[in-house]
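Please walk me through this protein model. I want short answers that can be checked against the coordinates.

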Amino acid sequence: MSKSAWIMGGVLLVTLGAELALAQPQGAPGSIYTCVDRNGRRLTADRPIPECLDREQRELSPSGITRRQIGPSLTELERAAQDAQNRKDAEERARVVEERRRERVLVTRYPDKAAHDVERAAAIQLVDDVTATAEKRIAELKAERKKLDVEMEFYKKDPNKAPMTLRRKIGEVDDSVAEQQRFIAGQDQEKRRVHARFDAELAHLRKLWDAQRVPPAMGSASAVPPVGAPAARVP
């Protein structure tokens, strides 16, 4: 073989080698993919295996060591379900974080039962103050009603002869008294709701206070010898 022919053959081999290299699938050099398809056959290839997209595949190194596990690939419905589950998990984690934050705020606001009792008393006092205002208004209305009753004495024999303005005023006073009485009944219910809320809050606080009082692990405490105790000998 002539020297020129040998050189041309070498160039051809180099060109063919480059084309073959470009034709290889992208990924780690020399990767081997293996799986067992739905029919129980073990398949092996140099790229991900289409017959096993619905199941797990393994990517192996040339020495047979598992580099990674692939799949199974999810369908559109499966991906949607997975996304929904991921969102649900994220929402649950966010809820737990927010709950822990609220618990820290609650314990900071009420470090003990005395502080909580003060807050309860203040809330109840607000309801009592509003109720007292309504009761005062009822007393004023009843005093006004007595004055109107005195005027109605002139028409005792025939109330229908009483002026329309007088009868209208009596009706308005009676309606106002009934309205204030309904309001006071509502405030009684509000007071029960306040107590129920503080009772539930106190039950939760007791658990948080108890958790704060849990003693540290015995192991960490026993690792520190008492002051003045002789040091342990090292064998």
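The questions below go from the overall fold to the disulfide and then to the cores.

Q: In which order do helices and strands follow along the sequence?
A: This is a predicted model. The protein has five helices and four strands. Read along the sequence, the pattern is α-β-β-β-β-α-α-α-α.

Q: What percentage of the residues count as buried?
A: Buried here means under 20% relative accessible area. The protein has 235 residues, and the share that counts as buried is 18%.

Q: How much area does the protein expose?
A: Carbon and sulfur atoms supply 58% of the exposed area. The total is about 18300 Å².

Q: Which cysteines does the disulfide join?
A: The cut-off is a pair of cysteine sulfur atoms within 2.5 Å. By that rule there is one disulfide. Its S to S distance is 1.9 Å, and the pair is C35 and C52.

Q: How many residues apart in sequence are the parts that this disulfide ties together?
A: C35 sits in strand β1, residues 32-36. C52 sits in the loop between β2 (42-45) and β3 (57-60), so the pair ties together parts whose separation in sequence is 17 residues.

Q: Are C35 and C52 buried or exposed, and is their link right-handed or left-handed?
A: Both C35 and C52 are buried. The angle about the S-S bond is 75°. That makes the link of C35 and C52 right-handed.

Q: Which residue in β2 is the bridge partner of C35?
A: β1 and β2 form a hairpin with five residues between them. In the turn, G40 has a positive phi of about 85°. The two strands, β1 and β2, pair in the antiparallel sense over four bridges. Within β2, the partner of C35 is L43.

Q: Which helix supplies the largest share of the largest nonpolar core?
A: The largest nonpolar core has 12 residues, among them Y110, V127, F198 and W209. α2 (76-109), α3 (113-152) and α4 (164-212) each supply at least two residues of this core. The largest share is six residues, and it comes from α4.

Q: Which residues does V127 contact, leaving aside neighbours within four places in sequence?
A: V127 belongs to the largest nonpolar core, as does V194. Beyond those neighbours, V127 is in contact with Q187, E190, K191 and V194.

Q: How many residues are in the second core?
A: This core is separate from the largest one. It includes L148, L166, I170 and V173. The count for this second core is eight residues.

How values were computed:
Residues numbered from 1 in each chain as written. Predicted model: local features only at pLDDT ≥ 70, side-chain atom pairs only at ≥ 80, totals over all residues. Heavy atoms only, no water. Core = buried A, V, L, I, M, F, W, Y, C linked by side-chain atoms within 4.5 Å. Buried < 20%, exposed > 50% of the residue type's maximum accessible area, 1.4 Å probe, protein only. Contact = heavy atoms within 4.5 Å. Pairing = 2+ DSSP bridges. Areas by Shrake-Rupley, 256 points an atom, 1.4 Å probe, with all protein chains shown as cover.
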